[in-house]
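I opened this entry to record what I looked up in the model. The notes follow the order in which I checked things.

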Amino acid sequence: MFNEEQEKIRIDKLNKIKASGINPYPYKFEISHTIQSIRGNSGSLIEKKTQVKLAGRITAIRGHGKASFVDIQDEEDKIQLYFKSDVLGDKYKNFDLIDIGDFIGVEGKIFETRTKELTVLANDFVLLSKSLHPLPEKWHGLQDKELRYRKRHLDLIMSPEVKHVFLTRVKIIQEIRNFLDSHGFIEVDTPILQPIYGGGFAEPFKSYYKTLERDFYLRISDELYLKRLIIGGFTKVYEFGKDFRNEGMDRVHNPEFTQLELYQAYADYEDMMRIVEELFETLCVKLKGGNEIEYQGTKIKFSPKWNRMPFFEALKEYVGMDLKNSTESELVKIAEKNGITVDKGYHRGKILNAIFDTLIQPNLIEPVFIIDYPKDISPLAKEKRGDPTLVERFEPFVCGIELGNAFSELNDPLEQIERFKVQQEFRRKGDMEAQVMDEDFIEALGVGMPPTGGLGLGIDRIVMLFTNSYSIKDVILFPQLRT
């Protein structure tokens with residue numbers, strides 16, 4: 001990617017700079033104004049002839065001789081600089097050693113050119129960092145997305161829209177925090193390294209803890225620790241957590257991902273639905289100024305009340321038959337007829353889930369809660385009132401993307417033991433994603449946990465929606481990639 005000849009020229013310039021007694025990598029530069037603050041207060045700065053100090057990376061150089069125009073960019077904006085030999089004196093000679101890509105600090109006054117372009121007339125400048133590698137000339141339209149992910153630093157420099165995605169990501173997380181804090185939740189931290197992984201269906205990443213001389217796992221969920229906090233007397237808690245699942249990668253899955261989990265005592269899954277509805281409406285207003293977004297060409301409205309569709313009703317609508325009482329062998333035939341591979345260890349609930357993911361999920365475009373799931377794929381959720389074969393669980397879907405998972409949390413320790421035993425049987429038959437028995441959690445549950453509503457939301461997928469990003473890799477700064 002880098003031009004070796006140009007690199008040699010830049011190294012030669014670097015050596016000349018050092019030979020002249022200038023440090024090309026100084027320790028510090030005092031900034032008085034960001035570029036945005038200059039643009040926001042330009043009238044006053046020009047009127048008062050205010051001296052400003054700003055810094056950034058050079059993105060363009062025009063002209064030479066006795067005068068040059070330079071564009072620099074800081075974190076959020078770009079501005080033009082004007083360098084004149086009669087203003088800078090002997091220092092202007094050093095301008096020949098400056099290149100596109102270098103960081104410079106500039107001091108000067110603001111003015112407008114004849115074309116009304118806001119410009120800084122430099123009366124002093126200092127090199128802050130010499131760029132030895134020329135910036136790529138043909139980065140825009142680069143088809144090799146993997147290269148853009150691997151060279152994310154260049155992607156951020158050359159593609160302002162990419163930087164905007166990640167600035168929006170920061171804002172989304174901050175707005176979610178503001179929302180939860182204003183609703184009385186408190187933010188907590190729970191362990192990433194866990195002696196027993198749990199709270200989800202996944203194979204973990206395994207590590208070894210030398211001091212404790214035992215295996216540990218990167219967490220697949222925060223759930224079982226956050227419930228311990230409800231048991232311990234907290235009423236409303238949440239955590240933004242890095243979770244890790246040793247599974248495949250596609251446009252909505254990355255083995256390392258960010259998840260929000262929250263738990264509220266004395267609440268159920270209906271309360272969690274209301275939180276989701278209000279949260280998404282709030283995010284939409286804060287980010288878009290209304291209740292509508294556009295995702296991959298489809299306009300979506302976040303109304304105060306989302307549609308609700310029971311799991312088996314959704315299956316019936318799209319499959320054309322009621323599968324609630326279907327046997328495992330019948331479901332296998334339906335799956336295979338629709339090109340769904342039924343792997344070893346797939347039990348009835350997992351086959352149903354595979355059918356749902358393949359045939360129903362892509363059709364869930366408008367915001368909807370799929371509610372009331374089969375019990376055997378929901379071991380941590382309470383039975384549905386009036387139907388012991390189901391549980392009070394929902395998943396929110398928008399544009400065919402599953403955004404989270406929520407329960408009326410199971411708080412009967414004896415029933416929880418039986419549910420874990422069922423999961424152990426699934427593991428024995430080959431389902432290595434089935435949940436494991438956590439005796440410490442059972443013991444904590446035995447102390448007593450109040451009725452509780454729990455909710456997990458995938459932050460990366462939420463960012464995908466609000467930034468109109470097709471792939472989860474587009475909203476993770478440094479996604480894992482195959483070598």
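Accessible areas here come from the Shrake-Rupley method with a 1.4 Å probe. I am working with a predicted model.

**Overall**

I looked up the exposed surface first: the protein exposes about 23,700 Å², and carbon and sulfur atoms supply 50% of that area. Of its 483 residues, 48% count as buried. I noted 15 helices and 20 strands. Taken along the principal axes, the box filled by the C-alpha atoms is roughly 85 × 50 × 45 Å. Among contacts with a separation of 6 or more, 65% join residues 24 or more positions apart. For charge, I recorded 68 positive and 77 negative side chains; the centres of the two sets are 6 Å apart.

**Cores**

Nonpolar side chains tend to be buried together in soluble globular proteins, so I turned to the cores. The largest nonpolar core holds 46 residues, and Phe 394 and Phe 466 have the most contacts inside it. Helix α9 (residues 269–288) gives this core its largest share, nine residues. A separate core has 42 residues, including Leu 226, Met 309, Phe 311 and Val 391.

I then listed the neighbours of Phe 466, leaving out those within four places in sequence. Phe 466 is in contact with Ile 172, Phe 280, Leu 283, Cys 284, Leu 287, Lys 288, Ile 293 and Phe 302.

**Arg 419**

Is Arg 419 buried or exposed? Its relative accessible area is 6%, which is under the 20% cut-off, so I entered Arg 419 as buried. Arg 419 sits in helix α13 (residues 413–428). Its side chain reaches the backbone oxygen of Ala 381 at 2.9 Å. Not counting residues up to four places away in sequence, Arg 419 also touches Lys 375, Ser 378, Pro 379, Leu 380, Lys 382, Glu 383, Val 391 and Leu 410, among others. Of these, Val 391 is one of the residues I had noted in the 42-residue core.

**Positive phi**

Most residues other than glycine have a negative phi, so I looked for exceptions. Glu 213 has a positive phi of about 55°. Glu 213 lies in the loop between β8 (206–209) and β9 (214–218), and at 62% relative accessibility Glu 213 counts as exposed.

Gln 296 also has a positive phi, near 50°. I found Gln 296 in the loop between β12 (292–295) and β13 (298–301). Its relative accessibility is 40%, so I entered Gln 296 as partly exposed.

Technical notes
Residues are numbered from 1 along each chain as its sequence is written. This is a predicted model: local features need pLDDT of at least 70, side-chain atom pairs count only at pLDDT 80 or more; totals for chains, interfaces and linings use all residues. Side-chain values use heavy atoms; hydrogens and water are left out. Helices (H or I, at least four residues) and strands (E, at least two) are DSSP runs, numbered from the N terminus. Buried means under 20% relative accessible area, exposed over 50%, partly exposed in between (1.4 Å probe, protein chains only). A polar contact is a pair of N or O atoms within 3.5 Å; within protein, one must be able to donate a hydrogen and the other to accept it, and residues adjacent in sequence count only if both atoms are side-chain atoms. Contact means heavy atoms within 4.5 Å. A nonpolar core is a set of buried Ala, Val, Leu, Ile, Met, Phe, Trp, Tyr and Cys residues joined through side-chain atoms within 4.5 Å. Lys and Arg count as positive and Asp and Glu as negative; His and the chain ends are not counted. The place of a charge is taken as NZ of Lys, CZ of Arg, CG of Asp or CD of Glu.
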